[in-house]
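User: I'm new to reading structures and would love a slow, close look at one part of this one. Could you walk me through it in plain words?

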Amino acid sequence: MALTKCAALIGAAALPFLAAAIPTAPSPAQAAAPRAECAPVPSAGSYPTWEKLPKQTTLPDPWLPLAYTTTDSEGGDSPTFAGDVMAGKGKNRITTPEEWYQCRQPELLQMLQEYQYGYYPDHSQETVKATRSGNTVSIEVTAGGKTGRFSATLALPSTKPAPVVINIGGMSNQPYLAAGIAVVGFDYTSVAADSNAKTGAFWSIYNGRDIGVLTAWAWGFHRVLDALNATVPEIDSSRVGVTGCSRLGKAALAAGLLDKRITLTMPMSSGVQGLGPYRYHGLSGQDETLENSKSGAGWWTDSTLGTFVNHAENLPYDAHTIAAAIAPRALVIDQGTGDAFTNSKGTAVIVYPAAKLVYDWLGVPDQIAMSVRGGGHCDMSGFNSVLPFAQKILLNQTITKDYNDLGSYGSPMATTYPWATAVPQAA
């Protein structure tokens, strides 16, 4: 079979259909809704420090804007303030899905960049050049007179155009190809080193910025998708999954969060700074915490998150907030009960059910799933475990697997998110 070779230049003008890195309201009905009056949002770099935020020993209320969470907001000096905030009794909570999409989701995306990820580069200032030779796509990104280069590798099924799962770190390819799903991988270290070295395509352009490596790897996912759109007609770019495991699962989560073109986000064994909770961190695994993860690999996230070391309970969000901010797009979370490193139990019985309450409230209960399996950290069986859900989302197939079954972990720990009894009710 002859090798195909083609090149394309991608830019804001060349690809007007490319989504911005910040998701917007997902449907015409929501877009047409009357504009809500949103809570004030701080400018970048002026967010409240941990000293201005109440200590929340349970998961923060996803419906409460940051402006009404701070201790200097109205009633913040009351001895009952923290308890009220945790119980869903804070003032000026989000009350409708329209208000969520217009106000809260954009607020969360900015807040998570401020406190955890660092601010995502402005893609409108980038030009992406993609060249395909056979099953290799070479990618060149230029912004501000600087250029970064890396490449991706294609594995295509016989049925085309096919949905695609983009991965870093490797995955179980064959079951996906057999199901009719393309698999694309790229070398994440060529995008950004897993260290403080600041080497790789991302840092060739953005060195000097306070951005976590997880965000740099997420950027890599997005630029691969740009290149696939331009050079691989065998792939249907409207059906896209992203995945990775452990620290790479944290990156896949960031990739899904920060680009609405991602149809399905598939973080595997992602742990703290992924979908492992900062609170309730010792339920299983090695007791992974903000403190030991920041100490071991501080470069994964921005410097602001480091200011919350020893004050993680003052964070105005937790892993469930990240998951909820992805809605209404699909999310499947994979954890192994034998994982010796991450807090699989905490993810399954705390983070997942807390995030699912938001998905349920938004009217998309079938777009979030929890895969609890046997096996350990980054066990390849995890990719088989989430495949039925990928087939449901990417191939519109009917499945029978119950992704609400938490297995040996039993039932959700609802006491860890007391605002569950105060979910906003439709008027």
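What kind of unit do β5, helix α4 and β6 make?

Analyst: First, keep in mind that this is a predicted model. The answer to your question is a right-handed β-α-β unit, built from β5, helix α4 (residues 173-179) and β6.

Let's zoom in on β6, which covers residues 182-186. It's mostly covered up: five of its five residues are buried. Try following the side chains along the strand. A182, V184 and F186 point one way, while V183 and G185 point the other way. Whichever way they point, these residues are all buried.

Now for the strands that pair with β6. Strand β5 (residues 162-167) runs parallel to β6, and four bridges join the two. To find one of these on screen, look for N167, whose bridge partner in β6 is G185. Strand β4 (residues 146-155) is also joined to β6 by four bridges, but this pair runs antiparallel. Here you can look for A152, which stands opposite F186 in β6.

For a contrast with a strand, hop over to helix α12 (residues 344-361). Its 18 residues should span 26 Å at 1.5 Å a residue, and because its end C-alpha atoms are 25 Å apart, the two values agree. There is still a bend to spot: a kink of about 30° lies at V351, shortly before the proline P353. Of the 18 residues in α12, 15 are buried, so the rest of the structure largely encloses this helix. After α12 comes G363, which has a positive phi, near 85°.

There's a nice salt bridge inside α12 too. The side chains of K356 and D360 meet there, with 2.8 Å from N to O. Both residues lie in α12, four residues apart, or about one turn of the helix. Why does that spacing suit a contact? An α-helix has 3.6 residues a turn, so residues three or four places apart point the same way. K356 counts as buried because its relative accessibility is 14%, under the 20% cut-off. D360 has a relative accessible area of 34%, so it is partly exposed.

Finally, compare that with a pair from elsewhere in the chain. R261 forms a salt bridge with D226, and their closest N and O atoms are 2.8 Å apart. R261 sits in the loop between α8 and β8 and D226 in helix α7, so this pair ties together parts 35 residues apart in sequence. Both R261 and D226 are buried.

Technical notes:
Residues are numbered from 1 along each chain as its sequence is written. This is a predicted model: local features need pLDDT of at least 70, side-chain atom pairs count only at pLDDT 80 or more; totals for chains, interfaces and linings use all residues. Side-chain values use heavy atoms; hydrogens and water are left out. Buried means under 20% relative accessible area, exposed over 50%, partly exposed in between (1.4 Å probe, protein chains only). Two strands pair if DSSP finds at least two bridges between them. A crossover is right-handed if, with the strands pointing away from the viewer, the path from the first strand over the helix to the second runs clockwise. The expected span of a helix is 1.5 Å times one less than its number of residues. The bend at a residue is the angle between axes fitted to the seven residues ending there and the seven starting there. A salt bridge is a side-chain nitrogen of Lys or Arg within 4 Å of a carboxyl oxygen of Asp or Glu.
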